[in-house]
Amino acid sequence: MTAEITKRSLRVLVAGGGVAGQALAFWLTRGGHQVTVAERFPALRASGAQVDLRGQGIEAVKRMGLLNAVRSQLVDEAGVAFVDARGKPKATIMANTSGKGRQTLTSEYEIMRGDLVRILHDATKDDTEYVFGSSVDGFDQDEHHVTAHFSDGPSGGYDLLVGADGQGSRLRRALLPQGVDPYWRVGIHTAYWFVPRIASDSNIRDTYMVPGGRQIMRRSHNATETQVYFVMREESAEASAIHRAPVEQQQEFWADRFRDAGWQTERFVEGMKTSPFFYSQEIAQVRTDTWFKGRVVLVGDAAHCASPYSGMGISGGLIGAYVLAGEINRHADDLPTALANYDRVLRPFVDEIQAEVNPRLLRVGMPTNQHAISAFQSATALACFFRIPDLVARFSKEDRGGDWQLPDYPVPVAA
């Protein structure tokens, strides 16, 4: 942050109280703006799987002054092991904790999504109005204001409406021309849930490859719980539709697809029944040419979901919120310029992290037969023997996100 500027205060409504929505509220309230966050869940949604910070995302959290808070909640995950059907590691890639280069498969900053959400909420709750159990179902706008229509009945007028409502954003559907499909699919589906931790569950993430383009991952985030991930390659109407079915049907689908997988599959499928949550989704990116229209703008996954395989989903949301708020704080008297700058500044970064997802490389990591699985494990074991992943990470000049630099914005002072 550099010199101070004085701008008028705006009334901003943020639809979505996740990572990107709360990060945006953090920066906008420090610019003196009046921010309301509407979250459709009845309480703070502090749940979800393990996430990580990488590259410019670490710098964004550092500028918020929250890096120590994040460090206090980190998950102890030392690396990633590729295991056989007996659970024996064939190759292990450790996290890069040198503070230099790029992160490996495991980041130095692994944290549960719920803990990150709580950290952001604690940092914003005194300055931001939170409305739980209410979503934005639609809006009307003119040159000067936007009127948001809430799910529980009333409407409200604002200077700006921000869609931070995730990969399936309702506000994005209202912004884009009818019939436009913003999703770029890679033919991969995943489900995850929690099971009780057992003695053999270590702080190394286990990855087990199954013929048929399937994969099982196990990672443990505390003393009592273990996360389970089922991942598969499949391009079928059934696989794409199952994520919208009732949870019981989703669980039946995944249990059936992995019934013959071996290893600890029986334990994991049994654990579905008592898991505190279950989530199933198709891996996809959100790619659009438009992030805003008039006084309505998208941020985070609603604008540019990069998918879990980019490794930059959470970081991308934090960075997008930082840039959007920085441009609004700089040009609060000229929102068209602020939103145009947001697109211009952030778009190269988004293009970079989305390009990290290469369907051909993903298929290499999800072989369809045992021979290919054995070849992958042998090649990975040889690379680890010569410490190639460690050396590549430590001496890389750039992390995911490339050489794009987080902008410096003036410190705003509300008029």
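**Overall dimensions, strand pairing and aromatic contacts**

For 415 residues, a compact globule would be expected to have a radius of gyration near 22 Å, and the value for the protein chain, 22 Å, agrees with this. The model is predicted. Along the principal axes, the C-alpha atoms of the protein chain occupy a box of roughly 65 × 45 × 40 Å. Of the 415 residues in the protein chain, 55% are buried. The exposed surface of the protein chain amounts to about 18,200 Å², of which 51% is supplied by carbon and sulfur atoms. Among contacts in the protein chain with a separation of 6 or more, 74% join residues that are 24 or more positions apart.

The secondary structure of the protein chain consists of 14 helices and 20 strands. Six of the strands make up an open sheet with mixed pairing, in the order S8-S3-S2-S12-S19-S18. Strand S8 (129-132) and strand S18 (292-293) are the edge strands of this sheet, each pairing on one side only. The pairing of S8 with strand S3 (residues 34-39) is parallel and runs over four bridges. Within this pairing, alanine 38 is placed opposite valine 131 of S8.

Aromatic pairs number 19 in the structure. One of them joins tyrosine 192 and tyrosine 279, whose ring centres are 5.5 Å apart; the planes meet at 45°, so the pair is classed as tilted, since the tilted class covers angles that are neither under 30 degrees nor over 60. Tyrosine 192 belongs to strand S13 (residues 183-196) and tyrosine 279 to strand S17 (residues 278-286), so the pair ties together parts of the chain that are 87 residues apart in sequence. The two residues fall into separate accessibility classes: tyrosine 192 has a relative accessibility of 12% and counts as buried, whereas tyrosine 279, at 40%, counts as partly exposed.

An aromatic cluster is formed by Trp193, Phe230, Phe253, Trp254, Phe258 and Phe278. Aromatic rings also take part in contacts with charged groups. The charged end of arginine 30 is located over the ring of phenylalanine 26, at 3.6 Å from the ring centre. In a second case, the charged end of arginine 347 is located over the ring of tryptophan 291, and the distance to the ring centre is 3.8 Å.

Positive phi values in residues other than glycine were examined at two loop positions. Tryptophan 263 has phi near 55°, a positive value in a residue that is not glycine. Tryptophan 263 is part of the loop that lies between helix H7 (247-257) and helix H8 (265-272). With a relative accessibility of 17%, tryptophan 263 counts as buried, because the buried class requires a value under 20%. For serine 307, phi is near 80°, again positive in a residue other than glycine. Serine 307 is found in the loop between helix H9 (301-304) and helix H10 (313-330). The relative accessible area of serine 307 is 3%, so this residue is also buried.

Key. Residues are numbered from 1 along each chain as its sequence is written. This is a predicted model: local features need pLDDT of at least 70, side-chain atom pairs count only at pLDDT 80 or more; totals for chains, interfaces and linings use all residues. Side-chain values use heavy atoms; hydrogens and water are left out. Rings of Phe, Tyr and Trp (its six-membered ring) pair if their centres lie within 6.5 Å; planes under 30 degrees apart count as stacked, over 60 as edge-to-face and the rest as tilted. Buried means under 20% relative accessible area, exposed over 50%, partly exposed in between (1.4 Å probe, protein chains only). A charge sits over a ring if NZ of Lys or CZ of Arg is within 6 Å of the ring centre and within 35 degrees of the ring normal. The radius of gyration is taken over C-alpha atoms; the globule rule is 2.2 Å times the number of residues to the power 0.38. Contact means heavy atoms within 4.5 Å. Accessible areas come from the Shrake-Rupley method with a 1.4 Å probe; for residues, only the protein chains shown count as cover. Two strands pair if DSSP finds at least two bridges between them.
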